[in-house]
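Work through the exercises below with the structure in view, and try each task before reading its solution.

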Amino acid sequence: MPIRISNLRLPVTTPEADLPRHLAQRLGILIGDLGPWRVLKKSLDARSSRDLQFVYTTLVELAGDAASSSKVSPDGRGDIQFFDPQSFEDAVPGSEPLADRPIIVGSGPAGLLAGYYLALKGYRPLILERGLAVKARVPAVREFDRGGEFDRENNYLFGEGGAGCFSDGKLTCRLEGPDVEWVLRSFVECGGRPSLVYENRPHLGSNKLPMICRNYRRKIEELGGEYKFGCRFEGIEIRDGQVVGIHTSSGHMACGQLILGIGHSARDTYQMLYDLGVPMIQKAFQLGLRIEQPQTQINHHKYGRPEYETLLGAADYTLQSRGPKDVFTFCMCAGGIIIPSISESQMYCSNGMSNSRHDTPFANSGVMVTLEPHEFGDSHPLAGMHLQQQYESVAFRLGRANYLAPIQTAADFLKGRATDVSTKLDCSYERGVQPAQLDQVLPTVVVNAIRQSLPIMDQKLRGDFLKNAVLVGPEMRGSSPIRIDRDLVTRECPNISGLYPVGEGAGYAGGIVSAAVDGLRTARVIVRRFESLTR
């Protein structure tokens with residue numbers, strides 16, 4: 001049986017090629033007795049800046065005679081254990097006839113992985129995307145950054161890959177198990193580096209995501225799937241409680257199995273679904289501001305020694321402040337930039353991203369608070385969305401109605417005073433900034449929580465968090481404020497057979513990997529029920 005070795009600590013200067021020697025030493029065997037092995041998890045322990053270590057968890061098999069002997073025994077600490085990893089549950093196609101190919105609305109992580117799995121199993125899915133393919137999407141986004149017009153159908157949130165395509169590419173996830181590993185390995189198959197499977201905080205990089213999305217599409221198309229770009233989902237045809245078709249900007253399409261991977265920002269789609277009577281409820285969501293500091297400050301705090309920066313690259317941080325309202329950092333972008341997260345005209349919202357090299361002079365992170373449904377001020381299922389729109393509209397006006405980022409120094413925000421408009425403020429937001437009082441772009445309860453927490457976070461980073469820091473906001477797209485109801489087993493909406501809400505937009509995920517896993521699991525349910533179209 002394989003052996004799991006946990007808590008193997010090695011200096012960060014130790015190359016991974018030396019791991020077999022250290023694994024053999026830990027097991028007390030000769031290196032020749034070591035069979036196949038792989039890394040399950042790798043994380044950085046930076047608690048002591050003078051002695052940074054990587055901490056490994058590995059899975060090892062023994063070779064030859066050692067495999068059938070009792071050379072290795074579990075240790076009392078639990079760092080060496082016999083371990084039989086859980087296998088991925090692949091689906092066997094069911095027997096119910098499938099009249100039409102499954103249709104997937106949205107090509108973000110949930111829709112993309114649902115489509116990929118269905119294509120692999122022979123179901124030839126049709127993926128609808130309101131925006132454009134990455135080849136056209138990327139230059140359009142860059143043009144907006146340089147001051148161009150906003151396109152409501154093709155932007156940082158809509159287009160091939162969805163919001164995930166420009167979401168920095170962080171693959172951190174609280175979920176564990178074979179479904180997560182399957183998703184991560186599919187990212188590797190489509191262009192990600194192999195270490196993504198085991199790194200503690202894997203990061204694709206916003207520059208790599210468009211290529212990876214394109215590679216998924218090519219594989220899906222080679223397997224008989226199809227994409228339609230510039231195709232907006234506009235309605236569902238339901239007959240006797242069963243989906244029988246959909247209405248789109250490209251016309252009517254017959255459909256019996258519809259996967260909704262609409263993302264957290266398709267507000268017109270939320271409204272349409274609500275008007276149709278699709279069951280949905282309010283859901284807590286995260287909102288706040290984005291803070292930005294010089295990356296050198298963060299490197300100095302975490303590494304202490306310049307040689308570590310050369311070896312490990314730009315440093316990150318994770319901070320939390322407990323209180324009546326917990327405040328936490330979110331989507332920390334080391335060596336990154338602040339970007340607009342806008343899906344509607346005349347509104348402004350911020351986000352962050354970093355490329356794979358983490359090579360800008362800036363560090364940025366969301367400083368976020370969870371707002372509960374009872375704090376929305378209204379019992380309407382879409383009240384959280386309406387609250388987002390209210391404050392994003394204010395932010396747009398503060399940005400001189402030109403999608404400039406409302407900005408304030410951290411010191412001025414804490415004191416509740418305006419930042420002088422003549423102050424030179426360094427910020428990575430390319431389109432431009434406009435000094436403003438950011439207490440206008442968030443509910444008072446959120447403003448108060450952030451003001452109380454920023455000094456506490458600064459203490460944890462020994463003064464390197466607020467020094468030279470600016471704040472931009474609001475940040476409203478940390479998660480969806482809506483959950484579309486679905487059955488736990490069939491994953492369909494109650495009383496609407498064939499309608500499968502998935503991912504972050506449906507309220508069942510909180511990031512690239514969890515959304516992708518949610519899409520995969522729904523696709524697997526469909527496979528188990530229906531016959532393949534290529535039988």
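A charge is said to sit over a ring if NZ of Lys or CZ of Arg is within 6 Å of the ring centre and within 35 degrees of the ring normal. The model used here is a predicted one.

**Exercise 1.** Find the ring over which the charged end of Lys-42 sits, and then the salt-bridge partner of Lys-42.

Solution. Start with the ring: the charged end of Lys-42 lies over Phe-54, 4.3 Å from the ring centre, and this distance falls under the limit of within 6 Å. Turn next to the salt bridge, where the side chain of Lys-42 meets that of Glu-16 at 2.7 Å, N to O. Glu-16 belongs to the loop between β1 (3-11) and α1 (19-27) whereas Lys-42 belongs to strand β2 (residues 34-45), so the pair ties together parts that are 26 residues apart in sequence. As a last step, compare the accessibilities: Lys-42, at 17%, counts as buried because the limit is under 20%, while Glu-16, at 28%, counts as partly exposed.

**Exercise 2.** Decide how the rings of Tyr-116 and Tyr-216 are arranged, and which parts of the chain they tie together.

Solution. A search of the whole structure gives 15 aromatic pairs. For Tyr-116 and Tyr-216 the ring centres are 5.1 Å apart and the planes stand at 85°, so the pair is edge-to-face, given that planes over 60 degrees apart count as such. Tyr-116 is part of helix α2 (residues 109-120) and Tyr-216 of helix α5 (residues 209-222), so parts that are 100 residues apart in sequence are tied together. Tyr-117 and Trp-182 also form an edge-to-face pair, with 5.6 Å centre to centre and 75° between the planes. Finally, ring pairs link Phe-88, Tyr-116, Tyr-117, Trp-182, Phe-187 and Tyr-216 into a cluster.

**Exercise 3.** Describe the largest nonpolar core, and say which helix gives the most to this core.

Solution. In soluble globular proteins, nonpolar side chains tend to be buried together. Here the largest nonpolar core has 77 residues, and those with the most contacts inside it include Ile-291, Leu-454 and Phe-465. Helix α9 (residues 383-398) gives the most to this core, with seven residues. To look more closely at Phe-465, leave aside its neighbours within four places in sequence; its contacts then include Ile-291, Tyr-317, Leu-319, Val-367 and Leu-454. A second, separate core of 42 residues includes Ala-119, Tyr-500, Val-502 and Ala-523.

Key:
Residues numbered from 1 in each chain as written. Predicted model: local features only at pLDDT ≥ 70, side-chain atom pairs only at ≥ 80, totals over all residues. Heavy atoms only, no water. Salt bridge = Lys/Arg side-chain N within 4 Å of Asp/Glu carboxyl O. Helix = DSSP H or I, 4+ residues; strand = E, 2+ residues; numbered from the N terminus. Buried < 20%, exposed > 50% of the residue type's maximum accessible area, 1.4 Å probe, protein only. Core = buried A, V, L, I, M, F, W, Y, C linked by side-chain atoms within 4.5 Å. Contact = heavy atoms within 4.5 Å. Phe/Tyr/Trp six-rings, centres within 6.5 Å; stacked < 30°, edge-to-face > 60°.
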